[in-house]
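Biologist: I would like to go through this model with you, one question at a time. Please give the reasoning before the value or name.

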Amino acid sequence: AVFPMTLVFFFVSCSCTFVSFSKPPSNPRSRFPRCNLCSVLKVLIKLTMYHVAVKSPHYPDTELFHLRSSRPTSFILLPPRFFFLSSSSGCAIIRPPRDGGIRYRGLTQEQILPVDYEIEYICRGNRVIVGPKVRKCLPNGTWTDIAQNSTCRKSLFFILILIPLPPLPPVLLCSFVLSQISIFSDKPCWDAPKPTCLCECLCHNKKLYIGALFPMSGGWPGGQACMPSAQMALDLVNNRSDILPDYELELIHYDSMCDPGEATKLLYDLLYTEPIKIVLMPGCSGVSTLVAEAARMWNLIVLSYGSSSPALSNRQRFPTFFRTHPSATLHNPTRVRLFQKWKWTRIATIQQTTEVFTSTLDDLEQRTKEAGIEISVRQSFLTDPAVAVKNLKRQDARIIVGLFYETEARKVFCEVFKEKLYGKKYVWFLIGWYADNWFKIKDPAINCTVENMTEAVEGHVTTEIVMLNPETVRGVSNMTSQEFISALMSRLGGMNPEETGGFQEAPLAYDAVWALALALNKTVAPLKAKGRRLEDFNYNNHDITAEIYRALNTSSFEGVSGQVVFDAQGSRMAMTLIEQLQGGSYKKIGYYDSSQKNLSWFGNDVWIGAGPPADRTVVIEEYRFLSQKLFAAVSVFAGLGILFGIVCLTFNIYNGNVRYIQNSQPYLNNMTAVGCMMALAAVFPLGIDGHHVHRSQFPVVCQFRLWLLGLGFSLAYGSMFTKIWWVHTLFTKKDEKKEKKKQHLEPWKLYATVGVLLAIDFLSLMIWQIVDPLHITVEKFTKEAPKEDLDVLIQPLLEHCSSEKMNTWLGVVYGYKGLLLLLGIFLAYETKSVSTEKINDHRAVGMAIYNVAVLCLITAPVTMILSSQQDASFAFASLAIVFSAYITLVVLFVPKMRRLITRGEWQSEQQDTLKTGSSTNNNDEEKSRQLERENRELQKIIQEVKTLYRHIHIIIIIKHVHPNTRRSL
């Protein structure tokens, strides 16, 4: 039987040099090579091995010869299972044959399989089952045909078909090889109406399969342009003789709809449906997260073309993941650099609640914190952004970073239009991989017109990874970026790029296929050195996966998207393009290289207003200063008061030897004058504010206010209080005690009393300044909006002298001083009728105490209430000081001046002694008291005389009346 077949093969090899189908295949490399003598001899050698003749059921005139090769290979299609104990209620899982696996219907992984459960043996693609292929669990706990072994043996099939085709030679011979997936085929090999003779060599290219998930719809329909781009790259790779010459790459793809749930089902189909996929290529971050996390269980490399989630840059979680799309965190350095360029220190964010945007925002928050930029508002939403947008409006967000997919972006900006969160006061930062006309696409989920959307999005800024090489260079595919765009447009069949999802990411998908092809090509030699081949890959082969990983990790080539290099986390490194929507279309305004921290700025940014808006409502801080006219007027009065005090002090010192002045305790009056001048001097620092001195010098001004006013009050009021105190003490006692006390009034006691009051104030002020010193504080008032600019608010500020426990200290001081004032009023009232020459001006002192106490008791609480009104507060405080000082000086000193001037008592005691020849020393007062006693005694004698006179007069009258009347009297 072999000999006639050999003759037929020899005849065909000599007569048929090359025959193909009437419609040639699209891949030139898939054309069959010429049949030559070597091929015939190879066939003959294999024919001498095992053969089986089979009749074709569909073509009775044909004969099918099944020849089996006996060369063993090692291949396991599915992950191997282990032995389990059997049970009477079912069957234990048995070991699969070598170079094969077991298909579990329904993927049951129970230790004991139920009765009637069927398992199917599966061998590697170029091997067949010898023995039972399907076994069924029997009720006795065994499997059908358990005595027969099932093994996998490598097979080679071809068919000799004898077809009479007149007027051609009576017999023509054609041969073909079955696919690696199917063992037997019932279908004819002809795909044309009139088949011609096909001669195929047995040395055709081996296929490597790529499992891809392209989102043709959903949140990001990037597969619309990325799938044609990837297919275009596959065609070019398969046509290259220097890249994978013995292999052909084939793409098996599904629509993931950018939905992780749908992707789970599709991933199951990819993994559990033949053929074996050597690499997975997902798109969308959510889908890639799912695929990359599961892929390591099957030893699969994952190469994504459209995933930007920062969470994917985690080698512990995704050990076999690579992507030609850079991480979304690459946008953040660009955003921070733009914030700094436009001097923004306060931003807001709104995000869709997905992992990619949450992790991106976390990275942005960290970077802004390092740059000193505050994220004041952070809003998120799941499906409806209405509440989040309203919160942005309510919290005065101006610079807003939006992180959401394209479909959600339309919802957001419809709400933005409704809330008027756009215009010259706002800037939105969006992701740059939306379609160019994303805001013009009609969306039934929103109720805004295209005009509304166009108005709302005008002027926003996008940051986008550079996905198309801006330079005109030919990369590894021998194609420039512009040539690639032209070829892609041709494949898209005239579709509008602006309406095609993933058009911007198409170069990344193109370069992803090239990166994979170059990496696989790089692994051929290392695998050959280890005795392995790429077609030997299975889901349990770590060595081949490691070689592919190593090749991808060291990839570096020029693609249509730029230089393709992966970092340690498998992410693409690239530059960032900055664009702005101007007049409804995007304009490039700059590039940023985060690795070099270099910003290339074109200077063509356009703003709705005069320039970049402020990051918040512009608040102009405006300090409220004291009215200079008021300050000048009060200062004049204070200055005149100081001059008047100097005059009074000079007068009192000059006439200190005059008896009248001496009887008024001139040293206490001098203290009063000095205290009044110090209080008047406190008016000047009281009116000094930031208009006159620098902010750093203001605490010194606060100290001057406190010490001048405190010590001035102690001297002025303390000296008057001392006088009235001693007058009350000495001259309001009983007569028996008066004589003794009147003889012991000494000047040092008066001075000691003033010293005690002064020491109390000094110590209290010193403790205050040591424990809680005064410092400047700024009071903020309600913002005021000027009429000329609605985007500017005035923030009024007022400087105060304060301390941490200001109220406590003021309470102590006001309480102590208030008691002194009240006590002074009481003493002045008690001594109003006392007359003494020792302190001859105590009535004037009492009048001064009345005025000072009333003014201080009224002014102190009023100034505290009016502390936020600088003019009113200063007016009350300063005028109270001025009036108190003026009243005190006038009441104490003007009467003395008037008396000395009108009576001419300008001479000293010695001059008066020379003129009169009498001595007027301190004994005069004793003499005066003696005269007073004598006078009182005389008054008593006179009174007794008057009484005696009245008695005598009565007796005389009685003697002159009638006896009867006299008897009755």
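Biologist: In what order do the three strands of the open sheet lie?

Modeller: This is a predicted model. The pairing in this open sheet is mixed. Strand 27 (618–623) and strand 28 (775–780) each have a single partner strand, so they stand at the edges. The order is 27-29-28.

Biologist: By how many degrees are neighbouring strands of this sheet turned against each other on average, direction ignored?

Modeller: The value is an average over neighbouring strands of the sheet, and strand direction is ignored. On that basis the turn is 35 degrees.

Biologist: Which residue in strand 29 is the bridge partner of Tyr-623?

Modeller: Strand 27 and strand 29 (residues 792–802) run parallel and are joined by six bridges. In strand 29, the partner of Tyr-623 is Leu-797.

Biologist: Which helix gives the most residues to the largest nonpolar core?

Modeller: The largest nonpolar core has 138 residues, and those with the most contacts inside it are Phe-413, Trp-428, Phe-429 and Trp-438. The greatest contribution, 13 residues, comes from residues 506–529, which form helix 12.

Biologist: How many residues are in the second, separate core?

Modeller: This core includes Leu-649, Phe-721, Ala-844 and Met-897. Its residue count is 44.

Biologist: Which tryptophans does Phe-429 touch, not counting residues up to four places away in sequence?

Modeller: Phe-429 is among the residues with the most contacts inside the largest nonpolar core. With residues up to four places away left out, its contacts include Leu-338, Phe-339, Ile-399 and Val-461. The tryptophans it touches are Trp-342 and Trp-344.

Biologist: Is Asn-332 buried or exposed?

Modeller: Asn-332 is placed in helix 6 (residues 331–341). Its relative accessible area is 0%, and the cut-off for buried is under 20%. Asn-332 is therefore buried.

Biologist: With which side chain does the side chain of Asn-332 make a polar contact of 2.8 Å?

Modeller: Not counting residues up to four places away in sequence, Asn-332 touches Thr-360, Asp-363, Leu-364 and Arg-367. A polar contact of 2.9 Å joins its side chain to that of Arg-335. The polar contact of 2.8 Å is with the side chain of Asp-363.

Biologist: What distance separates the C-alpha atoms of Asp-593 and Thr-334?

Modeller: Asp-593 lies in strand 25 (residues 585–593) and is buried, with a relative accessible area of 16%. Leaving aside neighbours within four places in sequence, Asp-593 is in contact with Met-575 and Asn-598. Thr-334 is 259 residues away along the chain, and the C-alpha separation is 8.1 Å.

Technical notes: Residues are numbered from 1 along each chain as its sequence is written. This is a predicted model: local features need pLDDT of at least 70, side-chain atom pairs count only at pLDDT 80 or more; totals for chains, interfaces and linings use all residues. Side-chain values use heavy atoms; hydrogens and water are left out. A nonpolar core is a set of buried Ala, Val, Leu, Ile, Met, Phe, Trp, Tyr and Cys residues joined through side-chain atoms within 4.5 Å. Buried means under 20% relative accessible area, exposed over 50%, partly exposed in between (1.4 Å probe, protein chains only). Helices (H or I, at least four residues) and strands (E, at least two) are DSSP runs, numbered from the N terminus. Contact means heavy atoms within 4.5 Å. Two strands pair if DSSP finds at least two bridges between them. Axes are lines fitted to C-alpha atoms, for helices over the stretch in contact, and angles run from 0 to 180 degrees between N-to-C directions. A polar contact is a pair of N or O atoms within 3.5 Å; within protein, one must be able to donate a hydrogen and the other to accept it, and residues adjacent in sequence count only if both atoms are side-chain atoms.
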